Amino acid sequence: QFLAEYQELTPLFAGARVQTLEQQRLLENIRQNVIAMNNLFLQLVVIYNSNVTAGAGGVGAAENRLVGLLLIKSHEADTEAALLRGLVDEGLRLTQIRTASLIFVVIIFSTIALTFVQMRTRKNITSNLKNLTKGAAVIGSGNLDFEIAETGDDEITDLSRAFNRMTSDLKN
């Protein structure tokens, strides 16, 4: 089971992408500890197999020493993995903050731009409506020589043109 786990970990180290030198150092230390754990485990297997073959009973000092070293390397790898996880999580948190800030800035600038466009459009519509209202009042009072200003390219300008054609037809 240990060897199967080791075989699964090995390609993960090759495929891991880290961003900082500290993360790279921690990943390399974890990799070295895992390799050392594998070597210690293989040594334990050899000692165990030789004891079983020789019929020796009990655990020897060499086995105890290797088990202790294996536990130390395991603890070091676990500690460094926790530190690496913390650094990666912090990097993700900072990326999320930057992304949220960028989205917020884009929303603010879009809102400002759309507000400006809306205000300008409203001003043009209001101005054209005032010209049309003023012209209709002048024409309504009997001045068929008055022409309403035809500025823009919208429905109100089309209506102003229609009023001008109407006064021209009435005048004729």
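A residue counts as buried here when its relative accessible area is under 20%, and that cut-off is the one to keep in mind at the opening stop of this tour through a predicted model.

Begin by selecting Asn33, which sits in helix α2. Because its relative accessible area is 6%, under the 20% limit, Asn33 is classed as buried. If you then display its surroundings, leaving aside residues up to four places away in sequence, you will find that Asn33 touches Lys73, Glu76, Ala77 and Glu80.

Next, select Val34, which, with residues up to four places away in sequence again left out, touches Tyr6, Leu9 and Phe13. From there, extend the selection to Tyr6, Phe13, Leu26, Leu27, Ile30, Val34 and Leu84, the seven residues that make up the largest nonpolar core. Both α1 (2–15) and α2 (21–54) supply at least two residues of this core, with the largest share, four residues, coming from α2. A second, separate core comprises six residues, among them Met37, Leu44, Leu66 and Ala77; Ala77 is also one of the residues that Asn33 touches.

Finally, turn to the largest pocket, whose volume is about 280 Å³. To centre the view, select Gln19, Gln23, Leu87, Val88 and Gly91, which are the closest to the pocket's centre of the 13 residues that line it. Colouring by helix is useful at this stop, since helix α3 (residues 61–140) contributes the largest share of the lining, eight residues. Colouring by class instead divides the lining of this pocket into five nonpolar, five polar and three charged residues.

Methods. Residues are numbered from 1 along each chain as its sequence is written. This is a predicted model: local features need pLDDT of at least 70, side-chain atom pairs count only at pLDDT 80 or more; totals for chains, interfaces and linings use all residues. Side-chain values use heavy atoms; hydrogens and water are left out. A nonpolar core is a set of buried Ala, Val, Leu, Ile, Met, Phe, Trp, Tyr and Cys residues joined through side-chain atoms within 4.5 Å. Buried means under 20% relative accessible area, exposed over 50%, partly exposed in between (1.4 Å probe, protein chains only). Contact means heavy atoms within 4.5 Å. On a 1 Å grid over the protein atoms alone, a cavity is a set of points where a 1.4 Å probe fits but cannot get out, and a pocket is an open set with protein on both sides within 12 Å along at least five of seven lines; lining residues have an atom within 4 Å of a point. Grid points are joined across faces, edges and corners, and a volume is the space filled by probe spheres set on the points. Ala, Val, Leu, Ile, Met, Phe, Trp, Tyr, Cys and Pro count as nonpolar, Asp, Glu, Lys and Arg as charged, and the others, Gly among them, as polar.
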